[in-house]
Amino acid sequence: MRRPPTSPAATVEARFHDGLIATAHPVTLCLEAGGIVVLGEGFTRQYDWGGTRISERLGSAPRLLSFEDGAFCEIPQQAALDAALRTAGYRAAWGEWLPQHWGRVVLALALLLTAIGATYRWGLPLAADLVARQIPVGAERALGARAADYFESQMLKPSKLPEARRRELQQLFESLVPRGDRSYRLALHDGGPIGANALALPGGTVVLTDQLVELAPDDDALRGVLAHEIGHVERRHVLRQIISATVVSAVATLVAGDTSGLFAALPATLANLSYTRAMEREADRYAIESLKARSIALEPFAVLLERLQREHGQTSVGAPAYLSTHPDTVERVRAIRAAQERLQFPSR
Amino acid sequence: MTGDQAQAPHDAAATAPTARGARLVFTGTGAEYFRIWIVNLLLTIVTLGIYSAWAKVRKMQYFYRNTQLDGSGFDYHGRPVAILKGRILAVVLVGAYQIAMRTLGPLALVAIVGLIAGLPWLLTQSYRFRLHNSSYRGLRFRFHGPVSQAYLIFGLPMLAALVPGALAAAGGIGDPRHPDKRFFIIVAGLYLVLMILWPYLHFCLKRWQHGHAQFGQARARFDATAWDFYALYLVAGLMMLGIGVFGAILIALFAGASSIPGAFRGVPSGIFVSMLAFYCAAIAVGTLLSAWIQNMAWSSTRLESIAISSDLRGGRLIGITLTNVLLIVFSLGLLIPFAVIRSMKYRLESIKVLDADALATIGRAAEGGPVAATGEGAMDVLDLDFGL
């Protein structure tokens with residue numbers, strides 16, 4: 001298996017175990033070109049290099065030479081063995097070679113941080129997207145249906161808007177649904193603890209609260225909000241979030257696996273929050289495209305976002321799901337207005 | 001030399017006061033393990049997790065080979081491919097379970113039943129894999145704890161953790177929209193039973209782990225009783241109660257002074273500090289209890305007639321645990337390897353084998369014995385890292 005040492009014999013102190021009884025025999029090993037000679041008190045053994053396994057170097061832990069007959073030697077002194085093995089042409093594997101010098105470890109750490117950063121920034125969204133595409137919409141609906149039921153019945157009360165207004169809003173919603181997709185549903189509710197809010201549940205249910213309807217300057221603003229929520233559904237954000245959270249917690253478990261679950265949960269939570277921001281921007285882009293395609297003004301949507309921020313800024317006690325993940329409302333409003341301007345210039 | 005397999009001594013003289021004791025010595029260092037850990041992580045992430053099986057073998061070999069008893073090290077023999085298979089299976093199972101649970105339908109019920117039926121078996125296989133791949137002085141350890149006991153030990157806690165969800169998933173009885181008295185009675189009863197039985201289950205776990213282990217041909221015995229566990233839990237419980245009463249008095253005192261400036265976001269700083277202190281005290285008592293249990297469990301374990309002892313000091317372990325938490329938090333996880341090595345070194349080096357000379361006479365288990373027949377076939381199947 002290994003090429004024999006070509007240098008003259010090296011001698012190393014070792015402990016010999018025969019593999020049959022838990023007795024350690026102090027021995028001297030002669031590492032020769034032709035093989036290994038074990039010189040013990042009252043016994044001598046000889047082995048070929050061919051059938052001998054050399055354990056990898058692990059810090060300053062003793063190294064093992066394991067022989068074909070089940071016996072092995074434990075060698076506490078690394079230096080003498082290293083010298084003999086170097087001439088023997090022993091080649092360390094990557095995982096063994098890298099930790100042996102601090103310089104390589106620092107390099108590995110730099111590569112590790114780069115790899116984690118790059119995976120997090122580009123790899124994860126891409127992977128989540130690819131996996132999400134493989135999962136049929138029907139399955140996602142099954143995932144979300146009961147959760148949506150529960151949320152609507154537990155957290156929210158029926159809408160207090162007049163019947164006619166509710167019908168109007170339903171029509172408005174249907175005009176925004178892509179390709180007349182039947183899985184979309186608008187649920188109108190009294191916001192209760194969540195106040196002025198809108199959210200997308202997996203499987204196509206969009207919840208809009210009375211308070212948000214009242215806050216909106218006009219129906220175009222509501223169109224903006226609804227298109228934004230439809231964007232979340234279209235881009236499979238809930239599913240993608242579940243997938244990326246799973247991957248992040250798997251990596252966190254790898255890193256903190258030696259300690260406890262206490263530290264493993266933290267990065268996953270952070271990842272969740274930050275992904276939501278990227279997804280909000282994506283949903284905004286979807287809404288902008290959707291409104292532009294229908295020649296609907298974007299400014300009311302921007303105004304409504306500003307009002308929402310003020311509203312939830314004042315009463316921060318509730319659960320502003322719509323806003324808690326939107327700390328960059330100012331930036332979003334700016335993006336929407338910029339899109340509005342781009343829309344207007346060609347027509348002038 | 002090959003033919004003289006000595007029987008493990010059975011005579012009382014083997015553990016006479018004149019016997020030469022040997023303490024476990026751990027020679028691993030945080031700096032060395034840090035280097036291995038970083039490289040393992042890098043290669044694992046670069047290979048999308050596949051390398052983790054090889055990384056685990058390297059990590060275990062680093063720990064085992066640096067653990068010395070009477071001048072000789074332990075060794076770990078797990079094969080990376082076997083570990084990889086176990087991990088792939090674990091990922092598939094966890095994924096399937098997550099998906100099933102999210103549907104909240106009948107599929108969730110199937111998943112829960114499957115989990116209760118399957119997990120104790122998996123845990124047994126995993127622990128068996130661990131011991132079968134551990135050796136000292138060339139002799140393998142063995143584990144032949146029956147799966148039936150694993151169902152008792154892990155089944156009840158799992159039942160308690162899963163039944164509320166299962167009832168809710170089954171609909172009707174656990175539906176929060178129509179609170180049902182029966183639901184609360186079942187759940188509360190289950191938790192009460194679990195609380196009362198907890199020390200007994202802990203005893204069963206240790207008896208299962210220690211009492212069914214084997215080193216070479218020498219079988220381990222576990223002599224502790226369930227009452228030993230109840231006594232330790234009782235003392236820890238009383239300490240928690242004392243700390244709770246003391247904490248409540250403190251909070252009441254500070255709450256009375258809440259109008260004093262220096263209030264913290266509306267919450268009196270006194271209450272905030274008391275809560276933090278109470279939390280630290282709870283960690284400390286938990287650590288103390290784990291030290292007592294390690295000492296008692298190891299001191300009640302013998303290998304044939306060779307006694308083992310453990311003399312972990314609770315105060316020292318609390319110090320190590322709390323400073324480890326600080327070390328990890330303030331280094332954002334980068335110093336995890338140092339924390340791991342510190343607590344591993346202290347825990348291992350508290351363990352002592354009281355007759356090192358008798359240990360050296362233990363021979364290899366006969367091939368084809370009952371252990372080999374039950375264990376070998378299954379041992380390659382799984383290593384799931386449950387950290388038993």
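## A hairpin, a barrel and a helix crossing

Let's start in chain A, where strand 6 and strand 7 (residues 72-75) pair in the antiparallel sense over 4 bridges. Strands here are DSSP runs of E with at least two residues, helices are runs of H or I with at least four, and both are numbered from the N terminus. Two strands pair if DSSP finds at least two bridges between them. This is a predicted model, in which local features need pLDDT of at least 70 and side-chain atom pairs count only at pLDDT 80 or more, while totals for chains, interfaces and linings use all residues. Residues are numbered from 1 along each chain as its sequence is written, and chains are lettered from A and ligands numbered from 1 in the order in which they are written.

**Around strand 6 of chain A**

Strand 6 and strand 7 of chain A make a hairpin with 5 residues between them, and A:G70 in the turn has a positive phi of about 95°. Across the pair, A:R63 has A:I75 in strand 7 of chain A as its bridge partner. Strand 6 of chain A also runs antiparallel to strand 5 (residues 53-54) of chain A, joined by 2 bridges, and there A:I54 is partnered with A:L65. In a regular strand the side chains alternate between the two faces of the sheet. In strand 6 (residues 63-66) of chain A, A:R63 and A:L65 point one way, A:L64 and A:S66 point the other way, and all are buried. Buried takes 20 or more other C-beta atoms within 10 Å of a residue's own, exposed takes 12 or fewer, and partly exposed is in between, with C-beta atoms placed from the backbone.

**An open sheet and the cores**

Chain A also has an open sheet of 4 strands in the order 8-9-11-10, with mixed pairing. Strand 8 (157-158) and strand 10 (198-201) of chain A are at the edges with a single partner strand each, so one side of each has no neighbour in the sheet. Strand 9 (residues 185-190) and strand 11 (residues 205-209) of chain A run parallel, joined by 5 bridges, with A:H189 partnered by A:T209.

Helix 7 (residues 219-234) of chain A lies across strand 10 and strand 11 of chain A, at about 25° to strand 10. Such angles run from 0 to 180 degrees between N-to-C directions, with axes fitted to C-alpha atoms, for helices over the stretch in contact.

The largest nonpolar core has 39 residues, and A:V206, A:L208, A:L226, A:F301 and A:L304 have the most contacts inside it. Helix 7 of chain A gives the most to this core, with 7 residues. A nonpolar core is a set of buried Ala, Val, Leu, Ile, Met, Phe, Trp, Tyr and Cys residues joined through C-beta atoms within 7 Å. Apart from it lies another core, of 38 residues, including A:A22, B:W208, B:F215 and B:L288.

**The barrel in chain B**

Chain B has 12 helices and 10 strands, and 34% of its 388 residues count as buried. Its 10 strands close into a barrel in the order 1-2-3-4-5-6-7-8-9-10, with antiparallel pairing. Neighbouring strands of this sheet are turned by 30° against each other on average, direction ignored. Here are some of the pairings in chain B:

| Strands of chain B | Bridges | One bridge pair |
|---|---|---|
| 5 (residues 139-143) and 6 (residues 213-215) | 3 | B:F143 with B:A213 |
| 6 and 7 (residues 218-222) | 2 | B:F215 with B:A218 |
| 7 and 8 (residues 301-303) | 3 | B:R221 with B:R302 |

Strand 6 and strand 7 of chain B form a hairpin with 2 residues between them, and B:G216 in the turn has a positive phi of about 60°.

Helix 2 (residues 52-65) of chain B lies across strand 2 (67-69), strand 3 (72-76) and strand 4 (134-136) of chain B, at about 160° to strand 3. Helix 10 (residues 336-349) of chain B packs on the sheet too, touching strand 1 (22-26), strand 2 and strand 10 (351-353) of chain B, and its direction makes about 170° with that of strand 1. Residues are in contact if their C-beta atoms, placed from the backbone, lie within 7 Å.

**Where two helices meet**

The axes of helix 3 (residues 102-134) of chain A and helix 1 (residues 30-46) of chain B come within 9 Å and cross at roughly 35°. The residues of this contact divide into 13 nonpolar, 1 polar and 1 charged. Ala, Val, Leu, Ile, Met, Phe, Trp, Tyr, Cys and Pro count as nonpolar, Asp, Glu, Lys and Arg as charged, and the others, Gly among them, as polar.

Note on methods:
Two residues are in contact if their C-beta atoms, placed from the backbone, lie within 7 Å.
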